[in-house]
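Notebook open, coffee poured. Here is what I looked up today, entry by entry.

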Amino acid sequence: MKVGYFFIPLAPYLLWLVWAALRFPLPLSYNLRSLWQRKVGSLTTGLAIAVVVAIFVVVLSLSQGISKAFVSSGRADQLLVLRPNARTELNSGVERERVRILKTHPMVAQDDQGPLISAEAFVVVMLDKADGDGGTNVAVRGMEPAGVRMRPQVRMVEGRWFKPGLPEIVVPRRMQQRFAGLALGRTLAFAGQDWTVVGLTDAGGSAFESEIWADAEELMRAKKRSAFNSVIVRLQREGQMADFKAMLEEDRRLKLEGVAEVDYFAQQTEAGKPIQVLGNLITVILTLGAVFAAMNTMYASVAGRTSEIGTLRALGYRRREILASFQWEAVLLCGSGGLLGACLALAFNGIQTGTTNFQTFSDVSFAFTITPGLMLQGVAFSVLMGLLGGFLPAWRASRIPVTEAMKG
Amino acid sequence: MRFLHLVLRSLLRSRRRTVLTVLSLAVSVMLVAILQSVLFTLDSFAHNPNASNRIAVRHKVSITNLIPYRYIEWLRQQPEVDAVMGLQWFGGVYQDPKNFFPNFAADPEPITRVFKEELVEYSEAQFKDFVRDRNSCIAGHALMEKYGWKVGDVITLKGTIFPMDARLTIRGTWRSRRGTDEQALYFHWKLVEERFPSLKGKIGNFWVRAKNPDDVPRLIERIDRHFADAVEPTHSETENAFQLAFLKMMGDYASMIHAITAAVLVAILIVTANTMAMAIRERATEIAVFRAMGFTGTQVLGLLMVEGLLLTVAGGGTGLLLSFGMAGAVRQTAGTFLPYLADFTIAPETLLLCAHATMVLGILSTFIPAYRAVRRPIVEGLRAL
């Protein structure tokens, strides 16, 4: 849900409001002061709006966190080689013979340490959660040294990388919050042997934030497997993607399928679908409630000031100026509530949580990240509520006949 | 009762305000009712009273690892065991990935015994046909209706986990008590096993039915102990525990729903308190007149409290009615990607919870402004006359 789109049809009205505020500053400052005058009413409405905006921002950050985890994981010039129709690494298998052929292919990029291609093993193991609330499935990826170099977004922050041929693992630092026994130097038992944690990484919020990494050969030996799950390849140029894919399918020795890394991860964002749908539902319903509440407060505020409005009219202020100033009052009321709500949402910043990617049956960790952009969206959202909830009362204020208003 | 008319009149005094407050309350209560019902529906999967006899056995490492099929022999020989079936989540897709429903590759014969409570109504002859025909399947009644299938139709399930297409003749169907139990499809595990040499002699889970629910804990312990030193150790748990673990994998949705519920309730409290404060402030003179006429402070307080209560009950009631209307929409949308919600309804427990919550909110939100209004000296209120 992009809040911005809602503003497009309202743009002329908004422009007019700004123009009116600049042209007739008096009623506006009058409205500001009357917000202050009715402190309790303004405060309660502002608080209600704040709660709604806080929920909006937190839910938005959640669904963005999931999308970001997958979207930021892929590179446009890298592709994943899988068995045809496997769809995910978990269900795929690539034999050693095929990996050997791929490694010498001329389209594969090189760096000073050799070809940028890594044959990988992907297994799922059960880990106990840190909060003692049972276990969940976590992905373990075995890779070749090139695999580490091909994913520069994953940085080593403490310790060192695993050594080929040793039962060593590196874990994302963020996973420590959610799973037990992942401290540096501790051992973890899975695939029939003990693995020592030798390094902690930071994967910058990508999908690798949810993966334990180890040496591919060591993992395959432990799991008694002979075939890798997938091969990741960096091409010399992005434009070679289509050619390379065609080659994979046509070469009779290979008969494999290539998926652009970006596409592969985009397809996995489905994991966040339930949360996103739930989030949208919640937001729509809450907005309705908040608009009604704002409308209520503004109507009361207009009704309580009939004679004041009459005075303004008698002083020569025109109907549309009254409309603009009351509309501004509603926008300011909701906007300040929204600002408060966006700040409240900050309390959730950095909290780690997770869901399961049901395509790979493994856990996806992600953090609530309350970015300034999201907070801005929250405030924009509250302004929208102010516009919607304030229009009818403001319209009413502008329609009050002078004579009647003066009578009160 | 004498004063009900008076209370109603005061509520209708500012019709727009009352309507707006009721609407604002209604949508919020509707949200709370739906969210809590989602939680309730999901929880009911992990507390299925019909499942008390059943044990799920899986590989100790994770549900993606397969266990040797030969374990079934030992399981069958246990004196407490009534029936055992091999079961594998196939995860097949019918026509479009959006058409999601649980489908399993399983041992065909024991299905009716293991799931005795779920398969309420079925034809013996149809199930015999299913057992005989390796390329056939059985599908729940609700599923058949959803896709317009008839017994005898041939359908294709595209494998997502196993790279194969299963072409299956529908040989039978069944009815259950709960709609969700009619959403599944079962076909022969042999069909999958034969296709892939790597799957030979393996399967994902065993579903064990104990003769007596009291034997279940002991049986679980014995199964795991027996296979503890095997190359492929097992992990057994009750079907309910298995479901719970599966639900937990989706994330900590329970905390999220509770947090949102709490926040929404706070917002409702604030909004109602604001409305009541406005309504009462407006009436300062009127209240003073009442008091001067001889109404006691407690009586006036009571009148105002009843007014607040009526307002919130009206809002809450409308919200609950709306949530019933929305339940169908939730079933339609959420049910397609989360089959757990295919049976979504607003549970009576949720109704009760929401009704109580709104009443408490009504009392809380009215008390402070009403109490303050009553405590004001009468003279002060009359001065405005």
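**Entry 1: the contact between the chains**

I am working with a predicted model. I started where the two chains meet: the contact takes 42 residues from chain A and 39 residues from chain B. On the chain A side, I found five elements that each supply at least two residues: helix 3 (39–71), strand 4 (117–128), strand 5 (135–143), helix 9 (273–303) and strand 13 (352–357). Which of them gives the most to the side of chain A that touches chain B? I noted helix 9 of chain A, with 15 residues. Sorting the residues on this side of chain A by class, I got 24 nonpolar, 15 polar and three charged.

**Entry 2: chain A as a whole**

Next I took chain A by itself and listed 13 helices and 14 strands. Its radius of gyration is 29 Å, and the globule rule gives 22 Å for 408 residues, so I wrote chain A down as more spread out than a compact globule. I also looked up the span of its C-alpha trace along the principal axes, about 95 × 50 × 35 Å. Of the 408 residues in chain A, 50% are buried. I then turned to contacts in chain A between residues at least 6 apart in sequence, and 83% of these join residues at least 24 apart.

**Entry 3: the two domains of chain A**

The domain assignment of chain A gave me domain 1 (4–71 + 271–407) and domain 2 (78–236). How many Å separate their centres, taken over C-alpha atoms? I have 46 Å in my notes for domain 1 and domain 2 of chain A. The two domains do touch, and their contact takes 14 residues from domain 1 and 17 residues from domain 2 of chain A. On the domain 1 side, the elements giving two or more residues are helix 3, strand 13 and strand 14 (362–367) of chain A. Strand 14 of chain A has the largest share of that side, five residues. By class, I put the domain 1 side at five nonpolar, seven polar and two charged residues.

Helix 3 and strand 13 of chain A turn up again from Entry 1, where each supplies at least two residues to the side that touches chain B.

**Entry 4: F326(A)**

I picked F326(A), which sits in helix 11 (residues 319–345) of chain A. Is F326(A) buried or exposed? I counted 27 C-beta neighbours inside 10 Å, and 20 or more is the mark for buried, so F326(A) is buried. Leaving aside neighbours within four places in sequence, F326(A) is in contact with N31(A), V302(A), G390(A), P393(A), A394(A) and A397(A). V302(A) is a nice one to see there, as helix 9 of chain A covers 273–303. I also checked F326(A) against F70(A): they are 256 residues apart along the chain, and their C-alpha atoms are separated by 45 Å.

**Entry 5: two positive phi values in chain A**

A191(A) caught my eye with a positive phi of about 50°, although it is not a glycine. I placed A191(A) in the loop between strand 8 (187–190) and strand 9 (193–202) of chain A. With 24 C-beta neighbours inside 10 Å, A191(A) counts as buried.

K224(A) is another residue other than glycine with a positive phi, near 55°. I found K224(A) in the loop between helix 6 (216–222) and strand 11 (230–234) of chain A. K224(A) has 9 C-beta neighbours inside 10 Å and counts as exposed.

**Entry 6: over to chain B**

For chain B I listed 14 helices and 13 strands. A compact globule of 385 residues would have a radius of gyration near 21 Å, but I have 29 Å for chain B. Its C-alpha trace spans about 95 × 45 × 35 Å along the principal axes. Buried residues make up 44% of the 385 residues in chain B. Among contacts in chain B with a separation of 6 or more, 80% come from residues 24 or more positions apart. The domain assignment of chain B gives domain 1 (4–46 + 251–382) and domain 2 (66–231), and I put their C-alpha centres 47 Å apart.

**Entry 7: a helix pair in chain B**

Last, I looked at helix 2 (residues 15–46) and helix 9 (residues 239–249) of chain B, whose axes come within 7 Å and cross at roughly 140°. I therefore logged helix 2 and helix 9 of chain B as oblique to each other. From helix 2 of chain B, L42(B), F45(B) and A46(B) meet N240(B), Q243(B), L244(B) and L247(B) of helix 9. I sorted the residues of this helix contact into five nonpolar, two polar and no charged.

Definitions and conventions
Residues numbered from 1 in each chain as written. Chains lettered and ligands numbered in written order. Predicted model: local features only at pLDDT ≥ 70, side-chain atom pairs only at ≥ 80, totals over all residues. Contact = placed C-beta atoms within 7 Å. Helix = DSSP H or I, 4+ residues; strand = E, 2+ residues; numbered from the N terminus. Nonpolar A, V, L, I, M, F, W, Y, C, P; charged D, E, K, R; others polar. Domains from an automatic or database assignment. Axes fitted to C-alpha atoms, helices over the stretch in contact; angles between N-to-C directions. Parallel < 35°, antiparallel > 145°, perpendicular 65-115°, else oblique. Buried ≥ 20, exposed ≤ 12 C-beta atoms within 10 Å, placed from the backbone. Rg over C-alpha atoms; globule rule 2.2 N^0.38 Å.
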